[in-house]
Amino acid sequence: MQELLLGIDICDDYSQISYFNPQTLDAENIGLTDEESSCMVPTVICKEKGTDCWFIGEEAYRCALYGKGTMVDKLVKLAGKKGTATIEGVKYTADELLQIFVKQILSIPSARLGIEKIGAVVFAFQNKNSDLMDSIIQVTDELGIPRERVHMANHSETYLFYVISQKKDLWINQSCLFDLSETGLHYYELNVIRGRKPQVVEVSHEELEEGFSLEILETGAGKKLGDTILTSCAERLLQKKVMTSIFLTGKGFEDSQWASGFLRFICNKRRVFAGTGLFARGAAYMAYDSIQAQSSYPYVCLCEGRLASTISMQVNHEGRERQLVLASAGSDWYEAKASASFILDNTNILEFLVTPVGNGRQTKLAIQLDEFPARPNKTTRVEVIAAFLSESKISIRVIDRGFGEFFPGTGQMIRQDFQI
């Protein structure tokens, strides 16, 4: 059965969707396949007056322009703060509006390809926000998409996956991305860290203070100013760096001819690519990889939204000391969850090891279990549940499970949050 693989980049101004039909993909050249389509939709929604009809994108603009409906924009910001909007006297939650928008944007590839079932979908955002991601999960649950098929990413992650899906000669040294949109000017830099196994690929992100509104590009003087700003940024950021490739994306680069000085500088002995759907395409590559039995990317990927350290415990299993990994460096913090059960042996302290990538200096996190009932040695079983609140903050819960009928568990829980 054919199933869609989707990448959806949701931003407050425009949302983009990129999709693959897995039955026609060339698995050996996933980054170069022609079997990919995409579209851009303004992130707005409009309810037609007196009906239950909803429109998104350009249709929503038209409906509102002719006075036939009430439009709501800034859906990402609204969902992130759990806001509401009142339309014709009815209060709608951000989740309800987002569900309508997502349902309609998902219908675009379904209608084009005649395939309704979703194999995997990756939603991308400028930055990961727990409330926003929880809203997306609620929306996809309501739409009947299985939880294990839904993933989240930020722009750093989708840029990284987009680049490493291309031929290696495009990113063997360094690669960078300029993203110019209504949210500002963002710079991403990809570096391959050599001499480590597995190989480490790292992306840094900076929101540049020199960012400007796209409205200035509506005049000749504004275009010259924008070009001057971009050229100055490029000269500062790229000096003494060997950039194998440079990518341009965002609404501001739909037509980049206005930035002639900037283009002249970055195209000097460098390969430059421009396109508006890069983050959505990177998300689609992530969706493709999520359904594979083994990842096509044998790298540790470090960037915003990914763990920079491995979290583990030293345990005794079958008479041998072993390391139990709860979360690995390079994992998506939102999806990095683990649980395990242990019998305490002459200790009332649990220790967790934090090992940064490329740095042998481990640090320890400790949780005291003095609050649990006193029992004879090896008669207390505890359950440890680890989850992350961000890429740098872990929440660990320890639950008293007792020891069978002789020492019933109390269910008492100790929770501690740590910066890592």
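A residue is called buried here when its relative accessible area is under 20%. In this predicted model, Trp-258 has a relative accessibility of 12% and therefore counts as buried. Its aromatic partner, Phe-253, is likewise buried, at 3% relative accessibility. The rings of Phe-253 and Trp-258 are stacked, with 6.5 Å from centre to centre and 10° between the planes. Both residues belong to a cluster in which ring pairs also link Phe-178, Tyr-187, Phe-212 and Phe-262.

The structure holds 15 aromatic pairs. Another of them is formed by Tyr-162 and Phe-247, whose arrangement is edge-to-face, with centres 5.7 Å apart and an angle of 90° between the planes. This pair bridges distant parts of the chain: Tyr-162 lies in helix H5 (residues 155-164) and Phe-247 in strand S14 (residues 243-249), a separation of 85 residues. Tyr-162 has a relative accessible area of 11% and is buried, and Phe-247 is buried too, at 4%.

Aromatic rings also meet charged side chains. The charged end of Arg-270 is placed over the ring of Phe-265, at 5.3 Å from the ring centre. For Lys-337, the charged end sits over the ring of Tyr-334, and the distance to the centre is 5.2 Å.

Turning to the nonpolar interior, the largest core comprises 68 residues. The members that touch the most others are Phe-123, Met-152, Leu-350, Phe-352, Leu-369 and Val-398. Helix H3 (residues 94-113) supplies the largest share of this core, with 7 residues. A second core, separate from this one, has 33 residues, among them Tyr-188, Tyr-285, Tyr-299 and Cys-301. The surroundings of Leu-350 are worth a closer look. Leaving aside residues up to four places away in sequence, Leu-350 touches Met-313, Leu-344, Leu-365, Ala-366, Ile-367, Leu-369, Val-382, Val-384 and Val-398.

One of these contacts, Met-313, leads on to a sheet, where Met-313 stands opposite Leu-324 in strand S18. The sheet is open and is built from 4 strands in the order S18-S17-S20-S21, with antiparallel pairing. Its edges are formed by S18 (320-327) and S21 (363-368), each of which pairs on one side only. On average, neighbouring strands are turned by 30° against each other, direction ignored. Within the sheet, S17 (residues 309-317) and S18 are joined over 7 bridges in the antiparallel sense.

Notes. Residues are numbered from 1 along each chain as its sequence is written. This is a predicted model: local features need pLDDT of at least 70, side-chain atom pairs count only at pLDDT 80 or more; totals for chains, interfaces and linings use all residues. Side-chain values use heavy atoms; hydrogens and water are left out. Two strands pair if DSSP finds at least two bridges between them. Helices (H or I, at least four residues) and strands (E, at least two) are DSSP runs, numbered from the N terminus. Axes are lines fitted to C-alpha atoms, for helices over the stretch in contact, and angles run from 0 to 180 degrees between N-to-C directions. A nonpolar core is a set of buried Ala, Val, Leu, Ile, Met, Phe, Trp, Tyr and Cys residues joined through side-chain atoms within 4.5 Å. Buried means under 20% relative accessible area, exposed over 50%, partly exposed in between (1.4 Å probe, protein chains only). Contact means heavy atoms within 4.5 Å. Rings of Phe, Tyr and Trp (its six-membered ring) pair if their centres lie within 6.5 Å; planes under 30 degrees apart count as stacked, over 60 as edge-to-face and the rest as tilted. A charge sits over a ring if NZ of Lys or CZ of Arg is within 6 Å of the ring centre and within 35 degrees of the ring normal.
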